[in-house]
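Visitor: I'm new to this one and would love a close look at a single part: the place where the two domains of one chain face each other. Could you start there and then work outwards?

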Amino acid sequence: MQLADHRRRARRAFLAPLTIVLAVVTIVPFLYAFGLSFTNADPVHPGVKFIGTGNYSALFSDPQFWSAVITTLVFTAIAVSVELGLGAAIGIAVSRIGRGGALLRTLFIIPLASAPIAIIYDWQLMLNPTYGVIDYLLGLLHLPQPDWLGTGHLALGSLIGIDIWEFTPFIIVIIAGGVASIPLEVYEAADVDGASGFRRFWYVTLPFLRPYLLLALLFRTIDALKVFDSVAVLTSGGPGTATTTLNYYAFRDAITYLEFGRGTAAALVLLVIALILTNILLRSLRRSRGAL
Amino acid sequence: MTTLVTDRARTNRGRRATERREAASRNRVVSRNRSAVSRWARDCGLAVYSIWVLFPLYWLIKTSFNSGFVPSSLPPVWFGDFSLSAYRAAFASPSLHSALAHSFIVAIGVTIVAGGSGSLAGYGLTHLRRSSRATGNYEFWVLSSRMAPPIAVAIPMFFLYTHAHLEDTLEGLTIAEVTTVVGIVTWIMIEAFRGIPMELTEAAEVDGCSSWRAFSKVALPLARPGLVGAATIAFLLTWNEFLLALILTDTRAQTAPLALYQYIGYETFNLSQLAAASCIVLVPTVLVVAMFQKQLITGLTFGAVRG
């Protein structure tokens, strides 16, 4: 009994620092942002007025807002699913080659470790329509040389491509860790049963990798929903609104137009979307962990 | 002392050899029954992917060593033009120097704050508590900090910092950046401590250790790979973070990605200098990740299996 009491006190002490940190970095800003989203606050005019749900109704009646929601969801769905498929394939392949596998994995990690701004600049160099190397190479092959970042769907496609380049390694790392944890006996048993290559993959490898794939999906979805850096540097949301994601929309409202209330309202909508998706993913992750 | 060290070196060598043997036998078992065609397809796939990963890196590094107008000449100069002038020019800029220093200070500060509070909480949630439901709820709260859109964090902080005189300071930026990493760091630490048997820390407490000693002398040393992995991630994410730093800093606390962003805005005409600055900014994190790759993988994959 005394031990239990002592543990409860110890637990509180151990949790205190993080609870304080989380309160400072999540609860305080969230409450503040929540309040702000019902006002017309801006840094130029001092009189802050409560305007009820004005910002939200302005958002919901703005077609650009809905286009930003759709762009964000399209970006996340395509980028994350390609990353997941490609990352799983490469992650499995790289863990199957003996010599050189470790070296390849280190090389493949570099994009993940590199500062996104530097990488984005690198792609800007390569995608440039006048001196970019990609259009030059396409020209050698007598293929069309598009203005990658200046035409509607291609611009969004290019941003998705850059995201894939940068973050597929994240999946590779997780999958490689997952493959290493599959017990050998399982494969030996599959061999004894005479399972073919595809059946081994489908019935042995894949079920074991399921929680790893879900974990990767969870983290990547959270981050892809917030895509910002490449939009801000490469396209500024354009051409037109083709690459205006929700995070960039919120940034533009708040920082460029100085509409703090509207900007935070848009950001909070993004948070709600993220919370819903994450909750679903976390639930299925827990289920698949339990199933193993 | 010396014998101890050599002993340890020998066991390390022995362990590495065993690991290699195990990996080799694993590969034999796993790739038996595999046709030459599928092996060929796999190698081709890896080769294509390697080119996709390496070409942009090659292009950035190549451009950074180019001189004058070579970077924009067509057909491109693939090899041979090797000049350090872009690096000299980039290093001569004082704003890049101070930005790199700021990034180091903030990244290390955030790593300490997030790693420290995350380790304590990870231990408290797993070894001092039984209800997995309560742990799960706390875990979700922790993870939600990663979901917070930067604008929803930055705008309130912008207002609060103006009152508290924290705007454009390294302290203020450190507090804000903790938001982006504390979730993933704590997540990793919870899983790291979950993997350590309860019996160990309980036995220590029955033997009269305080909870603090059970944590610091028994559990933490065992959780070290997880902690190193979490710290690597914290350093990486903080160093690379852009949007919060863009809103909350100006010149006195400007970080390396922001210095680069300014370059892109004002000096687009000098391509090789930009490429050189980019290379300088991405070297520290690449080195850290390469060094702690193994722990990074361990840390990231914890969450999948246990729980």
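Two domains and their surroundings

Guide: The C-alpha centres of domain 1 of chain B and domain 2 of chain B lie 32 Å apart. Domain 1 covers 36-83 and domain 2 covers 88-305, with bounds that come from an automatic or database domain assignment. Their contact takes eight residues from domain 1 of chain B and six residues from domain 2 of chain B; here, two residues are in contact if their C-beta atoms, placed from the backbone, lie within 7 Å. On the side of domain 1 of chain B that touches domain 2, there are three nonpolar, five polar and no charged residues. For those classes, Ala, Val, Leu, Ile, Met, Phe, Trp, Tyr, Cys and Pro are nonpolar, Asp, Glu, Lys and Arg are charged, and the others, Gly among them, are polar.

A quick word on what you're looking at. This is a predicted model, where local features need pLDDT of at least 70, side-chain atom pairs count only at pLDDT 80 or more, and totals for chains, interfaces and linings use all residues. Residues are numbered from 1 along each chain as its sequence is written, while chains are lettered from A and ligands numbered from 1 in the order in which they are written.

Now step back to the whole of chain B. You'll find 14 helices and zero strands there; helices (H or I, at least four residues) and strands (E, at least two) are DSSP runs, numbered from the N terminus. Of its 307 residues, 47% count as buried. Buried needs 20 or more other C-beta atoms within 10 Å of the residue's own, exposed means 12 or fewer, and partly exposed lies in between, with C-beta atoms placed from the backbone. Take the contacts in chain B between residues at least 6 apart in sequence, and 81% of them join residues at least 24 apart.

One residue worth picking out is B:Val53, which sits in helix H2 (residues 36-64) of chain B. It counts as buried because it has 21 C-beta neighbours inside 10 Å. Leave aside the neighbours within four places in sequence, and B:Val53 is in contact with A:Leu107, A:Phe108 and A:Pro111. Measure off to B:Gly80 instead, 27 residues away in sequence, and the C-alpha to C-alpha distance from B:Val53 is 22 Å.

That brings us to the other chain. In the meeting of the two chains, 83 residues of chain A are in contact with 85 residues of chain B. On the chain A side, the largest share, 17 residues, comes from helix H1 (residues 2-36). Sorted by class, that side has 61 nonpolar, 12 polar and 10 charged residues.

Here's one helix pair across the two chains. Helix H4 (residues 101-113) of chain A and helix H13 (residues 271-291) of chain B have axes that come within 9 Å and cross at roughly 135°. That angle makes H4(A) oblique to H13(B). The axes are lines fitted to C-alpha atoms, for helices over the stretch in contact, and angles run from 0 to 180 degrees between N-to-C directions. Under 35 degrees is roughly parallel, over 145 roughly antiparallel, 65 to 115 roughly perpendicular, and the rest oblique. In this pair, A:Thr106, A:Ile109, A:Ile110 and A:Ala113 meet B:Thr285, B:Val286, B:Val289 and B:Ala290. Those contact residues divide into six nonpolar, two polar and no charged. The crossing of H4(A) and H13(B) is right-handed; left-handed would mean the near helix is turned anticlockwise from the far one by less than a right angle, and right-handed means clockwise.

Chain A has its own packing to look at. It has 12 helices and zero strands, its C-alpha trace spans about 80 × 75 × 30 Å along the principal axes, and buried residues make up 45% of its 292 residues. Within it, helix H5 (residues 116-127) and helix H7 (residues 152-180) pack at an angle of about 130°, with their axes 11 Å apart. H5(A) and H7(A) are therefore oblique to each other, and H5(A) passes H7(A) in a right-handed crossing. From H5(A), A:Pro116, A:Ile119, A:Ile120, A:Trp123 and A:Leu127 meet A:Ser158, A:Ile162 and A:Glu166 of H7(A). That contact is made up of six nonpolar, one polar and one charged residue.

One last stop is A:Val69, found in helix H3 (residues 63-96) of chain A. With 18 C-beta neighbours inside 10 Å, A:Val69 counts as partly exposed.
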